[in-house]
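Good morning, everyone, and thank you for making room for me today. I would like to walk you slowly through one structure, from the whole chain down to single residues.

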Amino acid sequence: MRHVEIFNLVKSYPNPFGAAFDAVVDFNLNIEEGEFVGLIGHSGCGKSTVLTMLAGLNEISDGGIVVAGREIDGAGPDRAVVFQSPCLMPWMSAFGNVMLGVANVYPHATKAQRKQIVEYALSSVGLQDAMDKYPREMSGGMQQRVGIARAIALKPKVLLLDEPFGRLDSLTRMELQDVILEILNREKITTVLVSHDVDEVVFLCDRVVMMTNGPAATIGEILAIDFPKPRDRADMMKDPLYFQCLDHLVSFLTERAHLRTEPRIHDSTSLLTFTGKKVETTSHQNHAVA
Ligand code: ADP
């Protein structure tokens with residue numbers, strides 16, 4: 001079932017001289033319920049622009065976004081965002097930081113019910129023994145766990161991850177990637193991840209959307225990552241398909257990201273996919289958007 005429909009999305013920013021500059025154009029993408037989609041591209045191509053429009057935090061210049069059958073108009077608790085920096089309230093404990101959003105989103109829940117939601121979210125990210133810690137007492141990885149708990153506690157329809165592991169060392173990053181996968185295997189939340197890390201998107205995602213370079217960035221290609229779930233990092237890294245996926249992403253980024261593409265809708269019938277060990281490219285079709 002189509003859960004997120006992004007149609008003809010355009011973002012124009014004013015440049016320093018007041019004229020409009022198109023950062024993203026003709027961005028068309030359908031995402032299935034429970035799907036994990038990665039957005040990858042060169043720095044400055046427009047990944048965060050697309051994500052923040054999905055979050056409702058960045059005004060849409062043209063086109064639109066439909067989530068669960070309703071066109072979005074601003075931010076809402078149905079779409080939770082995890083940014084690179086969790087921006088926790090320094091005077092609140094981990095529990096307090098997660099409770100802040102929960103109290104807003106579940107105003108009619110009892111105190112005991114809210115407490116249970118917060119404790120469950122913090123336990124899901126492995127912080128069951130650190131709920132009373134303050135941000136100053138937590139490592140960067142622990143703080144980001146709180147950021148993830150804060151997002152999933154809202155039980156969002158869509159989880160938006162904007163380079164959430166970008167500031168973490170590689171071991172902590174791997175730990176948190178595992179945490180995210182465990183949560184999503186259980187909760188099946190539709191997720192969009194912005195990343196510039198090819199290993200990360202191959203490990204985590206069902207599909208990777210490769211964006212062309214800006215200005216006027218759009219979707220260049222889409223790669224289906226056909227590894228079964230739940231995924232095991234060690235097993236995946238022994239599979240030649242993993243390296244084929246990495247190779248495909250790197251070759252797009254180095255050789256084809258600068259090429260212009262024709263506008264089109266991308267969904268599960270229109271993608272570049274790996275079948276077995278052979279790379280197979282299905283032809284893209286142009287679709288009119290009703
Ligand atoms: P990415 O996330 O891929 O690094 P961004 O979405 O942050 O890229 O930026 C895409 C383009 O839009 C860049 O050229 C950037 O300078 C520009 N941009 C982003 N935000 C603004 C803004 N608020 N005002 C003007 N230009 C912006």
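Before we count anything, a word on terms: helices and strands here are DSSP runs, with at least four residues for a helix and at least two for a strand, and they are numbered from the N terminus. With that in hand, the secondary structure of the protein chain comes to 8 helices and 12 strands. Please keep in mind throughout that what you see is a predicted model.

Let me stay with the whole chain for a moment. There are 290 residues in the protein chain, and buried residues make up 52% of them. The accessible surface comes to about 13600 Å², and carbon and sulfur atoms hold 54% of that surface. If we take the contacts with a separation of 6 or more, 71% of them are between residues 24 or more positions apart.

Now to the strands, where I would start with an open sheet. This sheet has 4 strands, which follow the order β2-β1-β4-β5 with antiparallel pairing. Why is one side of β2 and of β5 left without a neighbour in the sheet? Both strands stand at the edges, and each has a single partner strand, so there is nothing in the sheet to pair with on the other side.

Inside that sheet, strand β1, residues 2-14, pairs with strand β4, residues 62-67, over 5 bridges in the antiparallel sense, and one example you can look for is E5, whose bridge partner in β4 is V66. On the way to the edge, β4 is joined by 2 bridges to strand β5, residues 70-71, and these two also run antiparallel. Here V67 stands opposite R70 in β5. The hairpin of β4 and β5 has 2 residues between the strands, and in this hairpin A68 takes a positive phi near 50°.

Let us turn to the ligand. Which residues surround it? They are Y13, F21, A23, H42, S43, G44, C45, G46, K47, S48 and T49. Sorted by class, this shell has 4 nonpolar, 6 polar and 1 charged residues. Three backbone approaches to oxygen atoms of the ligand deserve a careful look: a backbone N or O atom of G44 lies 2.7 Å from a ligand oxygen, a backbone N or O atom of C45 lies 3.1 Å from one, and a polar backbone atom of G46 is 2.9 Å from one. Taken alone, the ligand exposes 560 Å², and the protein buries 59% of that area. Two elements give two or more residues to the shell, namely β2, residues 20-32, and α1, residues 47-55, and the largest share, 3 residues, comes from α1.

That helix is worth a closer look in its own right. In α1, 8 of the 9 residues are buried, so the helix is largely enclosed by the rest of the structure. The buried ones are K47, T49, V50, L51, T52, M53, L54 and A55. After α1 comes G56, which has a positive phi, near 80°.

I would like to finish with two single residues. The first topic is T191, which is placed in strand β8, residues 190-195. Is T191 buried or exposed? Its relative accessible area is 0%, and because the limit for a buried residue is under 20%, T191 counts as buried. The side chain of T191 reaches the backbone oxygen of I189 at 2.9 Å. Setting aside its neighbours within four places in sequence, T191 is in contact with E35, F36, V37, L159, L161 and L184.

The other residue is L88, which is found in the loop between β6, residues 79-82, and α2, residues 94-105. Although L88 sits in a loop, its relative accessibility is 12%, so it counts as buried. Leaving out neighbours within four places in sequence, the contacts of L88 are N97, P135, M138, Q143, V146, G147 and R150. Of these contacts, let me pick out G147: it is 59 residues away from L88 along the chain, while the C-alpha atoms of the two are separated by 7.5 Å.

Methods
Residues are numbered from 1 along each chain as its sequence is written. This is a predicted model: local features need pLDDT of at least 70, side-chain atom pairs count only at pLDDT 80 or more; totals for chains, interfaces and linings use all residues. Side-chain values use heavy atoms; hydrogens and water are left out. Buried means under 20% relative accessible area, exposed over 50%, partly exposed in between (1.4 Å probe, protein chains only). A polar contact is a pair of N or O atoms within 3.5 Å; within protein, one must be able to donate a hydrogen and the other to accept it, and residues adjacent in sequence count only if both atoms are side-chain atoms. Contact means heavy atoms within 4.5 Å. A residue is near a molecule or strand if one of its heavy atoms lies within 4 Å of it. Accessible areas come from the Shrake-Rupley method with a 1.4 Å probe; for residues, only the protein chains shown count as cover. Ala, Val, Leu, Ile, Met, Phe, Trp, Tyr, Cys and Pro count as nonpolar, Asp, Glu, Lys and Arg as charged, and the others, Gly among them, as polar. Two strands pair if DSSP finds at least two bridges between them.
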